[in-house]
Amino acid sequence: MRIEGSCSAGLRRGLPETCGFLSVESKKPQAPAKISRGHALQVGYREKAARCSRIFVGLLAASVAVAAEPDWNAINNSAVDLLQQYIRIESIDPPANTAEAANFIKRILEENGIAAQLYPSGPNGQTNLVARLAGRDHSKKPLLLMNHLDVVPVDRKAWKVDPFAAVIQNGEIWGRGTMDMKGIGMEQVMAFVTLKKSGITPSRDIVMLCTADEENNGTYGVRWMIENHFPEIDAEYVLDEGGFGTRSILAEGKLVFGIAVGEKQTLWLRVRARGTAAHGSQPIPDNANVTLLNALDRAMELDPARPHPVVAEMMHTIGAPLAANKYTAAIQANTVSLTTLTSGVGSPVKVNVIPSTAEATLDCRLLPGVNTAEFISGMKARVNDPRVSIEEINRPEDPGASPSRTPLFEAVRRAILKSHPDAVVTPMLVPHGTDSNKLREKGLIAYGLTPMVLDLSTAGSMHSDQEHIPVAEFQKGIRIFYEVLTAEF
Ligand SMILES: [Zn+2]
């Protein structure tokens, strides 16, 4: 694809980056960028710095003068610039060093008058952040705005653009973390800051939690915070990633906004076959590779699952069956993906040796409420081969789905409808795991809100070499979060 805009590499390298409410030494070269309206955000570091300062001063002045209506143009422009800077911080997990990313968010908050506390948690620089805005009613527990600072690794060769340059082209911002979940995180940050600047006191405390290690099951992130600092993050409600708006993925030709109330259980299994080592020139029936392949065929033949009540409610609310695609298929059934196959003798592996063992891993995703022990015993019964073992790599938590008839769900629904009056808003399940389930286990009501309208290629770009979000949707999402934060719930 064509990259719009340009500026000389000499101008772009190694200069300090400053933008009104923060100053950051950027390690990344500045990417050429232009948003779809033709408004050039980045001319060079120095020019941009001056521009950003002006934008932010404007934002402050507007907020003080007209508390009820923030200057959305200024906020939207700052937000894009800050998201680009955020994406350029390579907070890859592993090793999950989120110190720089956490400090970046901390500086944005502090420059806007919000105190933020960092919580270093792990050996590789894993760092979490907590900040709080006081609300009116202290009898109510807070709303937790939760986002994660880490991103998954990249296969740089497969990317058409630098995954950490935050290039904007054709009205989309590209890069690792745009979907998962620095885009949503920055929307939350901007809404949080705008709330502070508006002078409006929210109906209850709003706590922001930026976690490390979400891409490693929350080990030094939300799990660590729950174990070591739960009082600081204890809340009634959580808004996290998951759910989204779409005109195609959930129902054909209808704008549906799904708010995730539950997620599937993640169960990882190791399947190992044993056989007899032998010379490849003389085939034997007890070949571990063949035994493994036959076992996998049977292991992956899942029984149809009973429809989950949340999915039934989705179809009822939408008033139509779900569209047919891999996403909706995954939220209606238990699934298994064969993710790794390991076999062979020697390195490089010998083609003329039949190995004595062969191994595979299965990424199983079970609907909430499905009993994992029964699922595994069913799989073992189908395989029914003493040469094959099936063992659990992890044991999933299953807190079930959060209730959707709550004041916060209503507030989210109203906030979405204000921006998208033609939308159908429904509770939904997401097929992947998030930090939310760890907090649902603690009794918190957690919703996944990605307040953007996405198509399948965008929504499906997370963790891929095509990760991107539409700039305009990213900006609209800030407003939706802000409407939620200023609502009564
Ligand atoms: Zn994520």
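Student: What angle do helix H4 (residues 99–111) and H5 make where they pack, and what is the distance between their axes?

Tutor: In this predicted model, H4 and H5 pack at about 20°, and their axes are 10 Å apart.

Student: Why are H4 and H5 called roughly parallel to each other?

Tutor: Set the value against the cut-off: the angle is about 20°, and angles under 35 degrees count as roughly parallel. H4 and H5 are therefore roughly parallel. Their crossing is right-handed, by the way.

Student: Which residues of H4 and H5 meet?

Tutor: From H4 come Phe 104, Ile 105, Ile 108 and Leu 109, and from H5 come Met 186, Val 189, Phe 192 and Val 193.

Student: What makes the contact of H4 with H5 nonpolar, polar or charged?

Tutor: Check the residue types: Phe, Ile, Leu, Met and Val count as nonpolar. The contact of H4 with H5 thus has 8 nonpolar residues, with no polar and no charged ones.

Student: H4 also packs with helix H3 (residues 72–87). Why is H3 called roughly antiparallel to H4?

Tutor: Their axes come within 10 Å and cross at roughly 155°. Angles over 145 degrees count as roughly antiparallel, and that makes H3 roughly antiparallel to H4. This crossing is right-handed.

Student: What do H3 and H4 bring to their contact?

Tutor: Leu 82, Gln 85 and Tyr 86 in H3 meet Ala 101, Phe 104, Ile 105 and Ile 108 in H4. By class that gives 6 nonpolar residues, 1 polar and no charged. Gln falls among the polar types, while Tyr counts as nonpolar.

Student: Where does Pro 95 lie, and how do you know that its bond to Pro 94 is cis?

Tutor: Pro 95 sits in the loop between H3 and H4. Omega for the bond joining Pro 94 and Pro 95 is about 5°, and the peptide bond is cis. A cis peptide bond also joins Asp 180 and Met 181, with omega of about -15°. Met 181 has its place in helix H5.

Student: What makes the phi of Asp 213 worth a look?

Tutor: Its phi is near 65°, a positive value in a residue other than glycine. You will find Asp 213 in the loop between strand E8 (206–211) and helix H6 (222–233).

Student: Why are helix H7 and helix H10 called oblique to each other?

Tutor: H7 (residues 288–299) and H10 (residues 372–383) pack at about 130°, with their axes 8 Å apart. Roughly perpendicular runs from 65 to 115 degrees, and roughly antiparallel needs over 145. An angle of about 130° falls in neither range, and H7 and H10 are therefore oblique.

Student: Which residues make that contact, and how do they divide by class?

Tutor: Ala 295, Arg 298 and Ala 299 in H7 meet Met 379, Arg 382 and Val 383 in H10. The contact has 4 nonpolar, no polar and 2 charged residues. Arg counts as charged.

Student: H10 turns up again at a pocket, I think. What does H10 give to the lining of the second largest pocket?

Tutor: H10 gives the most to that lining, with 4 residues. The second largest pocket holds about 440 Å³ of space. Of its 18 lining residues, the closest to the centre are Pro 304, Ala 305, Arg 306, Asn 334 and Val 370.

Student: How much space lies in the largest pocket, and which residues are closest to its centre?

Tutor: The largest pocket has about 1,200 Å³. Its lining has 44 residues, and Arg 365, Pro 431, His 432, Gly 433 and His 463 are the closest to the centre. Strand E14 supplies the largest share of the lining, 4 residues. By class, the lining has 14 nonpolar, 17 polar and 13 charged residues.

Student: What makes the space lined by Glu 241 and Ala 260, among others, a cavity and not a pocket?

Tutor: A 1.4 Å probe fits in a cavity but cannot get out, whereas a pocket is open. The structure holds 1 cavity of 30 Å³ or more, and about 30 Å³ of space lies in the largest cavity. Strand E11 gives the most to its lining, with 3 residues. The lining divides into 2 nonpolar, 4 polar and 3 charged residues.

How values were computed:
Residues are numbered from 1 along each chain as its sequence is written. This is a predicted model: local features need pLDDT of at least 70, side-chain atom pairs count only at pLDDT 80 or more; totals for chains, interfaces and linings use all residues. Side-chain values use heavy atoms; hydrogens and water are left out. Axes are lines fitted to C-alpha atoms, for helices over the stretch in contact, and angles run from 0 to 180 degrees between N-to-C directions. Helices (H or I, at least four residues) and strands (E, at least two) are DSSP runs, numbered from the N terminus. Contact means heavy atoms within 4.5 Å. On a 1 Å grid over the protein atoms alone, a cavity is a set of points where a 1.4 Å probe fits but cannot get out, and a pocket is an open set with protein on both sides within 12 Å along at least five of seven lines; lining residues have an atom within 4 Å of a point. Grid points are joined across faces, edges and corners, and a volume is the space filled by probe spheres set on the points. A crossing is left-handed if the near helix is turned anticlockwise from the far one by less than a right angle, and right-handed if clockwise.
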